[in-house]
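Trainee: Hey, I've got a new structure to look at and could use a hand. Can you walk me through it?
Mentor: Sure, let's bring it up.

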Amino acid sequence: MKHILYFLLIVTALSACQNTKQKEEALQKASKSIDTSNMQLIKIEVENHDFEELGTVLRTSSYVQLAPEPLLSSIKEIRIENDRIYVHDATSRIICYDMQGNVIYQIDKKGGGP
């Protein structure tokens with residue numbers, strides 16, 4: 001009985017590691033296909049979370065208001081590719097939005113492996 005339990009535990013651990021590796025490979029492929037040649041990084045410091053006044057600092061040609069859920073922590077990177085917005089935040093997840101700001105999917109689960 002012990003041997004069967006150990007076997008099941010090992011199989012479960014290996015399958016969890018495999019899923020994580022597959023997700024990482026898919027993310028690497030997606031990030032390589034994104035064209036960053038005409039992207040520009042603009043760093044803006046906003047005090048007191050007063051986003052109403054951003055219009056006095058920035059001139060926008062268009063913007064997309066993202067869905068309020070899931071909540072985002074510090075954003076590490078934003079990429080736009082094929083009419084989709086990919087947001088990588090500090091909690092090591094990637095959230096994909098359409099151009100209307102609706103969540104399409106998110107990658108945020110971690111496997112049970114080491």
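Mentor: One term to start with: a residue is called buried when its relative accessible area is under 20%. Also keep in mind that this is a predicted model.
Trainee: Okay, how many of the residues count as buried, as a percentage?
Mentor: The chain has 114 residues, and 12% of them count as buried.
Trainee: And how much surface does the chain expose?
Mentor: About 10,000 Å², with carbon and sulfur atoms supplying 55% of that area.
Trainee: Switching topic: which helices and strands are there?
Mentor: You'll find one helix and four strands. Starting at the N terminus, the order is α-β-β-β-β, with the helix ahead of the strands.
Trainee: What share of the contacts with a separation of 6 or more comes from residues 24 or more positions apart?
Mentor: That share is 33%.
Trainee: Now the charged pairs. How many salt bridges does the structure hold?
Mentor: Two. In one, E77 pairs with R79, and their closest N and O atoms are 2.3 Å apart. In the other, D89 pairs with R93, with the closest N and O atoms 3.0 Å apart.
Trainee: Are D89 and R93 buried or exposed?
Mentor: Both D89 and R93 are buried.
Trainee: And why does E77 count as partly exposed?
Mentor: Because its relative accessibility is 32%, and partly exposed covers the range between the 20% cut-off for buried and the 50% cut-off for exposed.

Methods. Residues numbered from 1 in each chain as written. Predicted model: local features only at pLDDT ≥ 70, side-chain atom pairs only at ≥ 80, totals over all residues. Heavy atoms only, no water. Helix = DSSP H or I, 4+ residues; strand = E, 2+ residues; numbered from the N terminus. Buried < 20%, exposed > 50% of the residue type's maximum accessible area, 1.4 Å probe, protein only. Contact = heavy atoms within 4.5 Å. Areas by Shrake-Rupley, 256 points an atom, 1.4 Å probe, with all protein chains shown as cover. Salt bridge = Lys/Arg side-chain N within 4 Å of Asp/Glu carboxyl O.
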